[in-house]
Amino acid sequence: MSNPLTSARNRTSTGTTTTAGEQPSIAFDRVTVTYGRGKKSTDALVDFTLRAERGETIALLGPSGSGKSTALKALAGFVRPSSGRVRLSGNDVTDLPPAKRGIGVVVQSYALFPHMRVRDNVAFGLKARRLGKDAITQRVSDALAMVSMSDYAHRLPRELSGGQQQRVAIARALAIAPDVLLLDEPLAALDAALRQSMVMELQRLRDALPDTTMLYVTHDQSEALALASRVGVMRDARLVDIGTASELWSRPPSTFTANFLGGANLIDCVVGRVSGTTALVAVGERMLTATAPAPIRRWAPGAKAAICLRPHEIEVTALWAAGTLAGRVTASVWRGPSTRLTLAVDGLPDQLLEADVPGHVDHPAGERVGIRLPDPVGVLVETPRTPR
Ligand code: ADP
Ligand code: MG
């Protein structure tokens, strides 16, 4: 796809940093942000270190209050780190005002100027720069075209739907042809159907801007999986895990990430014999086979661990079908395409398993069923050591 905004950027950035290609596009170096002072202070971000290569899309995923927006604001310049540095293409921007950083920012609430027409909203960031009138008109029309909003240039924000307003907000961020685009839960205010089509829209935008580095903040794992090449998982002001979406999904480094990214049964077990990437583990009175992800040395015989077993990997069958365990349904919730069953498996004490079975299955609570676990049953995840 031809991309007028990228070429516009290349023109304006000629002659700036020559080493940009070698430096990460975004770098957070041990950034800590504390709000307030003394007893009432909150550490919103602690020792946050992250690098993004030029053109990469990284999602910051985590529950509400975990520090995602604070990280993004530290990069945009809206909050001041109490320690640590932020760099753009190798240049330390920690002390630069937001407007001097040349970053595009999109937030959940659109934040359009209500009295300004769409084209003036989009032109807003350009007027502050020394661009001629024709250049501004061109940039505005290119940016609106990128989000399929060319026909709405004359409208006021209140004459647009939520999804359209968000597109305008994205166009406004793109109009300055930023090297870095920050998006803070841009779809959170939209309804589910619209969110889905906007995710596809954002995928298109990401692919049309291969040199633009994106940092995408969300609490929604499906947005993170759809958009990001790497996902950073946040918890309690810290980055707890980072990896490609598929690494984090298939070999979660922590029980928190296993659960937050996709939902998981985490079955307590004791590691027995490990051979290659296969481990024999004890779960209650049963011995099961699990996958032991590299590095294998993490899995000492006798160590406690958890097996990550995804709900859709459990099959529910007739009682005593070949190769199944027996158990009891304790709850059943139909969710449309699948039914979420809660299962008590004989011989797995105290641990209820969640299973997603396709379709609308009718298993009343209390019914005894056959349960087929995959083989290997799941992947081992280290559990936090309990302090003695
Ligand atoms: P997230 O975006 O992941 O929901 P935030 O970065 O907004 O999380 O917030 C992280 C923590 O910092 C939370 O505990 C929040 O209450 C606190 N916090 C955020 N902004 C402020 C502020 N301006 N003043 C005081 N505390 C704040
Ligand atoms: Mg937030």
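Biologist: Which side chain has an N or O atom 2.9 Å from an oxygen atom of ligand 1?

Modeller: That's K68. A polar contact is a pair of N or O atoms within 3.5 Å. S69 has a side-chain N or O atom 2.8 Å from a ligand 1 oxygen, and T70 has one at 2.5 Å. Before you lean on that, this is a predicted model, where local features need pLDDT of at least 70, side-chain atom pairs count only at pLDDT 80 or more, and totals for chains, interfaces and linings use all residues. Side-chain values use heavy atoms, with hydrogens and water left out.

Biologist: How much of ligand 1 does the protein bury?

Modeller: Accessible areas come from the Shrake-Rupley method with a 1.4 Å probe. Taken alone, ligand 1 exposes 560 Å², and the protein buries 60% of that.

Biologist: Which element gives the most to the shell around ligand 1?

Modeller: A residue is near a molecule if one of its heavy atoms lies within 4 Å of it. Here α2 gives the most, with 3 residues. Helices (H or I, at least four residues) and strands (E, at least two) are DSSP runs, numbered from the N terminus.

Biologist: And what is the strand order in the open sheet?

Modeller: Two strands pair if DSSP finds at least two bridges between them. The order of the 6 strands is β6-β7-β8-β3-β9-β10, with mixed pairing. β6 and β10 each have a single partner strand, so one side of each lacks a neighbour in the sheet.

Biologist: How many bridges join β3 to β8?

Modeller: There are 5, and the two strands run parallel. L60 stands opposite V217 in β8.

Notes: Residues are numbered from 1 along each chain as its sequence is written. Chains are lettered from A and ligands numbered from 1 in the order in which they are written. A polar contact is a pair of N or O atoms within 3.5 Å; within protein, one must be able to donate a hydrogen and the other to accept it, and residues adjacent in sequence count only if both atoms are side-chain atoms.
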